[in-house]
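Student: I am new to this structure, and I would like to understand the reasons behind the words used to describe it. Could we go through them one at a time?

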Amino acid sequence: MKIYRNITLCLVACFVLTLLSCKDSRKGEEPTPTKPHKQEQKGQGTGGEQGGKGKEGKKDVHKVKTLIIEWEGHEFISSKRRRTMHYSEEGLLTEDITEYLSDGGVYEETSHIVKAYDAQGNLIQVSNLSRENSEDGARTSYYTYDYKANLKGQLTTIKQYDQADAPIQTIEYTWRAGRLQRIESFPVPGARFAKAYYRNFSYEGERKVREVRNNTYERMRPPTVITREYDAKGRLIKEASEVPLAPEIFGGGGYRWFYSYTDATYEYDPQDTFLSRLYYLRRKSKDRNTMQRTESEHEDYYVNQRYDNRGNVTQRLHVQETKGSKPKEYLEKFSYTYYD
């Protein structure tokens with residue numbers, strides 16, 4: 001599960017960009033031009049760019065300025081955590097800060113990310129200000145688009161630099177007929193936290209995408225294959241992954257690979273609340289590991305308990321169930337500040 005989750009987190013941003021570029025029924029879900037947060041000249045944050053539509057002439061219950069999420073301590077998270085997210089008036093996430101409550105009763109920052117957007121609502125800069133507790137270290141990424149492709153533009157390159165402004169890697173995007181075909185990473189020799197890899201994409205219809213991913217320096221390793229299916233709103237509803245783990249060696253030099261397989265489905269809150277655009281309501285998965293010879297079933301879901309006067313969730317119960325084990329539960333509390 002750890003391998004699967006890490007891969008999913010790394011790739012979801014790429015697929016969001018792919019889906020938003022398509023000219024279909026999801027066009028109305030694309031972000032609109034951004035205005036930076038008043039406290040920053042740059043935009044800020046991770047995930048949840050579809051925070052609000054901001055329809056002209058009508059008060060939008062999704063026009064959230066600041067969202068704070070607090071998690072109560074429970075059996076598998078030892079301390080209280082808090083996540084603060086700031087949004088532009090167009091619903092684009094501009095700042096994302098994660099903190100935990102230390103033993104001394106003071107919140108300490110574990111993640112701080114800021115974002116900036118262009119006039120089309122495309123992400124153009126992401127700065128990870130976290131110098132500690134960060135898997136990739138502090139870095140800044142700059143995004144370049146081809147605006148000749150369409151009015152929205154298509155992502156062509158991402159260039160990443162470390163906290164001393166030294167280049168780390170360049171990631172290139174190749175498109176064909178308005179669809180993403182390949183992502184390839186070229187790290188600077190000797191750069192830390194950078195890998196050479198490629199990802200190829202193929203499509204079945206409008207909403208199903210198959211990705212083949214591998215590291216260029218591990219040519220003997222079979223690729224990771226991930227298939228995703230989306231609904232009419234561009235939300236992920238099905239995902240299946242095949243991840244090679246290690247070779248099984250036989251006498252005489254022969255071998256075959258062990259794999260981890262995961263099949264997952266996602267459901268969403270039918271109520272059009274702010275959180276329904278950021279989170280799934282329920283995730284079910286079946287996992288199989290041929291190296292450990294194990295199979296398991298998991299269910300991860302939220303139970304909404306309280307709402308504010310705009311209909312947005314202010315408290316919910318998060319439940320994680322594994323077949324044959326006791327469910328794990330904890331409360332999530334939300335507070336919102338809205339644009340006038």
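**Reasons behind the terms**

Tutor: Let us begin with Val209, which is found in strand 11, residues 208-215; please keep in mind that the model is a predicted one.

Student: Why does Val209 count as buried or exposed?

Tutor: Buried means under 20% relative accessible area, and Val209 has 3% relative accessibility, so Val209 counts as buried.

Student: What is the separation between the C-alpha atoms of Val209 and Arg228?

Tutor: Those C-alpha atoms are separated by 5.3 Å, although Val209 and Arg228 are 19 residues apart along the chain.

Student: How much of the protein do buried residues make up?

Tutor: With the cut-off of under 20% relative accessible area, buried residues make up 44% of the 340 residues in the protein, which has one helix and 18 strands.

Student: What makes a space in the structure a cavity?

Tutor: A cavity is a set of points where a 1.4 Å probe fits but cannot get out; a search of the whole structure for cavities of 30 Å³ or more finds one, and about 60 Å³ of space lies in the largest cavity.

Student: Which elements give two or more residues to the lining of that largest cavity?

Tutor: They are strand 16 (294-307) and strand 17 (313-322), and the lining residues include Tyr302, Asn304, Val313 and Arg316.

Student: How do you know the classes of the lining residues?

Tutor: Since Tyr and Val count as nonpolar, Arg as charged and Asn, as one of the others, as polar, each lining residue can be placed in a class, and the lining has six nonpolar, three polar and two charged residues.

Definitions and conventions. Residues numbered from 1 in each chain as written. Predicted model: local features only at pLDDT ≥ 70, side-chain atom pairs only at ≥ 80, totals over all residues. Heavy atoms only, no water. Helix = DSSP H or I, 4+ residues; strand = E, 2+ residues; numbered from the N terminus. Buried < 20%, exposed > 50% of the residue type's maximum accessible area, 1.4 Å probe, protein only. 1 Å grid on protein atoms, 1.4 Å probe; cavity = no way out; pocket = protein on both sides within 12 Å on 5 of 7 lines; lining within 4 Å. Points joined across faces, edges and corners; volume = space filled by probe spheres on them.
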